[in-house]
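Trainee: I should like to examine one part of this model closely, namely a loop residue with an unusual backbone angle. Could you take me through its setting and then relate it to the rest of the chain?

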Amino acid sequence: MVKVTVCGAAGGIGQPLSLLLKQSDLITHLSLYDIVNTPGVAADLSHINTKSKVTGHVGAAQLEEAIKDSAVVVIPAGVPRKPGMSRDDLFKINAGIVRDLAVAAAKFAPKAFMCIISNPVNSTVPIVTEVFKQFGVYDPKRIFGVTTLDIVRASTFVSEVTGAEASTLRVPVVGGHSGVTILPLLSQVAGTDKLTKEQLEKVTNRIQFGGDEVVKAKDGAGSATLSMAFAGARFALNVLEASVKGTSNIVECTYVHLDADKEGAKDTKTIIGDNVEYFSVPVELGAAGVQKILPIGQISTYEKELFAAAVPELTGNISKGSAFITEGA
Ligand code: NAI
């Protein structure tokens with residue numbers, strides 16, 4: 001039995017994400033939770049002739065049944081940005097939504113791999129951590145902020161300037177998931193040595209603020225949903241591929257507590273200092289979630305400047321998320 005629950009399953013991300021997950025043979029039960037419309041989405045998806053059973057659950061009274069015994073809980077629940085908004089502007093509404101879903105997961109699926117998509121990811125992941133600590137079920141190896149869209153975007157944008165094939169290009173993106181906290185490591189990508197400083201800065205900025213292009217184009221109708229569904233499904237399925245199937249050498253950059261692998265995180269800490277608890281880092285996935293945090297590796301002088309700009313904003317976002325639970329702030 002491999003049950004995966006999508007919380008926010010009727011939303012702009014939730015629906016296409018659920019469709020992509022429905023195509024996987026690794027999942028036997030796809031459980032769709034939202035506060036609206038999941039019976040319809042579940043009925044629709046349940047007609048697809050793939051392996052998983054699909055169930056729909058709507059409203060808080062059905063949350064226990066939705067989430068109980070899940071191997072993976074994916075959370076794209078909450079409000080998206082409108083033009084002019086930062087991800088941090090979403091905190092007021094989304095913090096409470098993520099907290100309530102985390103409480104249900106801590107009670108009814110404490111061993112689940114938690115994949116957090118709801119923004120601001122820099123703060124919502126610390127919220128899940130603190131809730132799990134309160135329930136005595138905290139394991140940093142199992143809680144992930146999904147930053148895969150930054151990596152997907154980076155591959156596309158870099159390929160447009162270097163001419164490399166986007167689908168095979170792997171651009172490491174570390175740090176956090178908002179504006180200047182998004183740190184693409186272009187110096188580690190083959191072919192970027194031919195780019196001018198101006199080109200490098202332009203593509204770096206595009207990766208950091210790529211989400212704004214979609215928010216602007218959708219003109220009030222939300223933020224990235226389809227590309228996020230693609231990225232979210234890739235991440236969740238990689239977690240399953242490594243944990244259920246035991247496939248080795250699967251590496252994804254993801255936003256985790258650096259305690260998930262203290263030894264492995266040492267390299268990152270020499271760059272960012274001891275005070276930053278959470279960071280998106282290259283993670284080798286395994287049976288228990290985070291198997292290994294891999295070194296960030298060599299970074300250029302320009303990237304060092306980007307790191308310095310990211311750290312104060314990221315630490316502020318982290319404290320805000322943690323305090324929401326520990327101090328009720
Ligand atoms: P949406 O508004 O289309 O869908 C959100 C869904 O969440 C709705 O169906 C809504 O009913 C549901 N919801 C609200 N409160 C809930 C609760 N208490 N329990 C369960 N479900 C609840 O929004 P969209 O576009 O799907 O975005 C969702 C979130 O994902 C936003 O916070 C957005 O900022 C974030 N996002 C994250 C990205 C990332 O890279 N991590 C990229 C793009 C968006």
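Mentor: Asn37 counts as partly exposed, because 16 C-beta neighbours lie inside 10 Å, whereas a buried residue would need 20 or more and an exposed one 12 or fewer. The model in which this count is made is a predicted one. Asn37 sits in the loop between β2 and α2 (38-46). Its backbone deserves attention: phi of Asn37 is near 65°, a positive value in a residue other than glycine.

The strand that precedes this loop also takes part in the ligand site. Both β2 (29-34) and α4 (91-108) supply at least two residues each to the shell around the ligand. The largest share of that shell, four residues, comes from α4. There are 34 residues around the ligand, and those that come nearest are Gly8, Gly11, Gly12, Ile13 and Asn119. By character, the shell divides into 19 nonpolar, twelve polar and three charged residues.

Asn119 leads to another backbone feature. A cis peptide bond joins Asn119 and Pro120, with omega at about -5°. Pro120 belongs to the loop between β5 (113-116) and α5 (121-134). One partner of the cis bond, Asn119, is thus also listed with the residues that come nearest the ligand.

A positive phi also occurs at Asp219, a residue other than glycine, where the angle is near 50°. Asp219 lies in the loop between α8 (210-218) and α9 (226-243). Asp219 is exposed, because 9 other C-beta atoms lie within 10 Å of its own; Asn37, with 16 such neighbours, is partly exposed.

Ala190 offers a further loop position for reference. The loop that holds Ala190 runs between β8 (182-184) and α7 (197-208). Ala190 counts as exposed because it has 10 C-beta neighbours inside 10 Å. Ala190 and Val171 are separated by 19 residues in sequence, and their C-alpha atoms are 9.5 Å apart in space.

The annotated domains give these positions a frame. In an unreviewed entry, UniProt lists "domain: Lactate/malate dehydrogenase N-terminal" at residues 2-145. The end C-alpha atoms of residues 2-145 are 21 Å apart, and the span is 38% helix and 19% strand. The UniProt record, again an unreviewed entry, places "domain: Lactate/malate dehydrogenase C-terminal" at residues 147-324. For residues 147-324, the end C-alpha atoms are 22 Å apart, with 48% of the span in helix and 15% in strand.

Finally, consider the chain as a whole. The protein chain contains eleven helices and eleven strands. Its radius of gyration is 19 Å, close to the 20 Å that the globule rule gives for 329 residues, so the chain is as compact as a globular protein of that length. Along the principal axes, the C-alpha trace spans about 55 × 40 × 40 Å. Of the 329 residues, 51% count as buried. Among contacts between residues at least 6 apart in sequence, 73% join residues at least 24 apart.

As to confidence, the protein chain averages a pLDDT of 97, and 100% of the residues score at least 70. For the complex, the predictor gives an ipTM of 0.99 and a pTM of 0.98.

Definitions and conventions
Residues are numbered from 1 along each chain as its sequence is written. This is a predicted model: local features need pLDDT of at least 70, side-chain atom pairs count only at pLDDT 80 or more; totals for chains, interfaces and linings use all residues. UniProt positions are given in the numbering used here, feature names are shortened, and annotations may be inferred rather than shown by experiment. A residue is near a molecule or strand if its C-beta atom, placed from the backbone, lies within 6 Å of it. Ala, Val, Leu, Ile, Met, Phe, Trp, Tyr, Cys and Pro count as nonpolar, Asp, Glu, Lys and Arg as charged, and the others, Gly among them, as polar. The radius of gyration is taken over C-alpha atoms; the globule rule is 2.2 Å times the number of residues to the power 0.38. Two residues are in contact if their C-beta atoms, placed from the backbone, lie within 7 Å. pLDDT is the predictor's confidence in each residue, from 0 to 100.
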